[in-house]
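Open your viewer and get ready to select residues. We will take a short walk along the strands.

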Amino acid sequence: MHSSGNNEKVRIGVISDTHGLLRDSALQALEGVDHILHIGDICSPEILAKLAAIAPTHAVRGYCDYGQWADDLPHTVTLEVNGCWLYLIHDLNGLAMDPSGQFQVVLHGHTHLPEVRESKGTLFFNPGSAGPTRAGKPISIGFLEIERGVPSATWEHLQS
């Protein structure tokens with residue numbers, strides 16, 4: 001995924017841990033994004049097809065993604081978008097390197113808890129879970145904006 005230049009603003013929808021449930025509120029929230037990134041535990045190839053109908057979609061494999069449809073999903077993805085390097089991995093505990101100096105953003109899921117934090121110049125972003133409700137955890141989706149190589153991330157609650 002490459003953008004045509006570094007001056008435009010790129011808006012990326014970030015979704016994770018759908019666990020087979022793609023809510024209408026998630027689809028509505030993603031309308032108009034330039035790209036979609038699914039950070040694993042998709043659990044159904046139909047979810048990726050619906051996302052790809054909205055915008056170009058990249059996905060990584062989570063622990064619950066298995067079967068022939070998931071065999072081709074990578075465990076990690078590296079992308080350059082608008083002068084910004086992104087690293088996608090489902091479970092941050094599986095990160096086997098120090099991303100600082102290499103990646104401006106590390107996108108991860110697995111915990112079902114949204115989080116935006118910075119460490120040593122790298123933005124760590126978990127959009128939370130857009131799938132089934134889990135006790136005490138919000139249903140959420142994320143957005144990553146990149147302008148002139150500078151990333152910013154936000155997450156928002158979804159209606160059930």
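**Stop by stop**

Select Val-77 first: it stands opposite Leu-88 in strand 5. Strands here, like helices, are DSSP runs numbered from the N terminus (strands E, at least two residues; helices H or I, at least four). This is a predicted model, where local features need pLDDT of at least 70, side-chain atom pairs count only at pLDDT 80 or more, and totals for chains, interfaces and linings use all residues. Residues are numbered from 1 along each chain as its sequence is written, and side-chain values use heavy atoms, leaving out hydrogens and water.

Now show residues 84-89, which form strand 5. Six bridges tie strand 5 to strand 4, and the two run antiparallel. Two strands pair if DSSP finds at least two bridges between them.

Zoom out. An open sheet of five strands appears, in the order 4-5-6-8-7, with mixed pairing. Which strands stand at the edges? Strand 4 (76-81) and strand 7 (115-119) do; each has a single partner strand, so one side of each lacks a neighbour in the sheet.

Next, select strand 2, residues 35-38. His-35 and Leu-37 point one way, Ile-36 and His-38 the other. All are buried, meaning under 20% relative accessible area with a 1.4 Å probe, protein chains only. In a regular strand the side chains alternate between the two faces of the sheet.

Add strand 1, residues 9-15: it pairs with strand 2 in the parallel sense over four bridges. Find Gly-13, opposite Ile-36.

Last, add strand 3, residues 57-59, which runs parallel to strand 2 over three bridges. Here His-38 stands opposite Ala-59.

Key:
Buried < 20%, exposed > 50% of the residue type's maximum accessible area, 1.4 Å probe, protein only.
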